[in-house]
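Student: Got a minute to go through the packing in this one with me? I'd like to start with a single residue and work outwards.

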Amino acid sequence: MRNEIGYLVDYKAVLPKQIFKKPELYDFYFTDFFHCYDDDFINDLNKIGQLLKQESVRLFTPHSYYETIRKFIFKKIKQIDVPYAELSTGITEKEYGEILWYGETEKMNFTAFDYLYWYFNSDCFIFGDKESEISILAIKKSLSIKNPLENWKEVELFAANPGEEWCPWLKDEEKFLAELIANYHNGKMVKT
């Protein structure tokens with residue numbers, strides 16, 4: 001999973017920079033990161049699944065987490081790679097909450113991570129960046145699917161009105177949004 005997604009994105013790049021290695025292949029749509037935690041997001045997963053004729057999506061983070069293991073008086077920190085979770089595109093709100101908030105064990109949950117991917121396949125996936133509070137839906141241009149979701153906007157529309165949910169914590173919000181537009185315009189891509 002890490003290599004499959006790593007072939008498409010640069011894990012070290014951060015928004016507003018371009019994170020996709022071949023951005024000219026995709027159309028991009030934006031929403032508030034926390035929309036991907038909402039129950040409404042389940043409708044998005046279902047609709048994308050129907051368009052792609054795909055019954056599942058994988059939730060993944062490239063990061064690891066650390067667990068403290070105690071044995072008598074000794075403590076050891078163990079790095080644990082987070083497994084991906086495979087979800088049905090027809091998942092229920094309760095099931096989604098259990099996977100998103102609790103993961104495989106109650107020691108770890110996907111909401112604790114800054115970067116998440118909802119990966120259908122290399123033609124369509126969602127990148128969520130908690131730090132900038134932005135999620136990006138990337139759809140391969142060759143699929144000829146224009147924005148299929150009402151909660152997602154092209155970068156210019158998102159930048160013009162990111163919504164009340166998006167917290168402008170940035171030192172220079174205008175510069176950030178201008179660079180985001182330059183890097184994610186659905187047309188001729190500008191590389192930075």
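Tutor: Sure. Keep in mind that this is a predicted model. Leaving aside neighbours within four places in sequence, Tyr96 is in contact with Cys36, Tyr37, Asp38, Phe41, Ile42, Leu45, Leu87, Ile91 and Trp118.

Student: OK, and which residues touch the most other members of the largest nonpolar core?

Tutor: Tyr96 again, along with Trp118 and Leu137. That core has 28 residues.

Student: Which helices and strands supply at least two residues each?

Tutor: On the helix side, α2 (41-52) and α3 (93-102) do. The strands are β2 (56-60), β5 (85-88), β6 (115-121), β7 (124-129) and β8 (134-140).

Student: And what gives the most to this core?

Tutor: That's α2, with five residues.

Student: What about the second core, what does it include?

Tutor: That one is separate and has 26 residues, among them Ile5, Leu15, Tyr115 and Tyr119.

Student: Switching topic: how many cavities of 30 Å³ or more does the structure hold?

Tutor: One. The largest cavity has a volume of about 30 Å³.

Student: Which residues line the largest cavity?

Tutor: Ile48, Leu51, Leu52, Cys124, Ile139, Ile145 and Pro148. Here too α2 gives the most, with three residues of the lining.

Student: How does that lining split by class?

Tutor: Seven nonpolar residues, no polar ones and no charged ones.

Student: So α2 comes up twice?

Tutor: Yep: α2 gives the most to the largest core, and α2 also gives the most to the lining of the largest cavity.

Definitions and conventions. Residues numbered from 1 in each chain as written. Predicted model: local features only at pLDDT ≥ 70, side-chain atom pairs only at ≥ 80, totals over all residues. Heavy atoms only, no water. Core = buried A, V, L, I, M, F, W, Y, C linked by side-chain atoms within 4.5 Å. Buried < 20%, exposed > 50% of the residue type's maximum accessible area, 1.4 Å probe, protein only. Helix = DSSP H or I, 4+ residues; strand = E, 2+ residues; numbered from the N terminus. Contact = heavy atoms within 4.5 Å. 1 Å grid on protein atoms, 1.4 Å probe; cavity = no way out; pocket = protein on both sides within 12 Å on 5 of 7 lines; lining within 4 Å. Points joined across faces, edges and corners; volume = space filled by probe spheres on them. Nonpolar A, V, L, I, M, F, W, Y, C, P; charged D, E, K, R; others polar.
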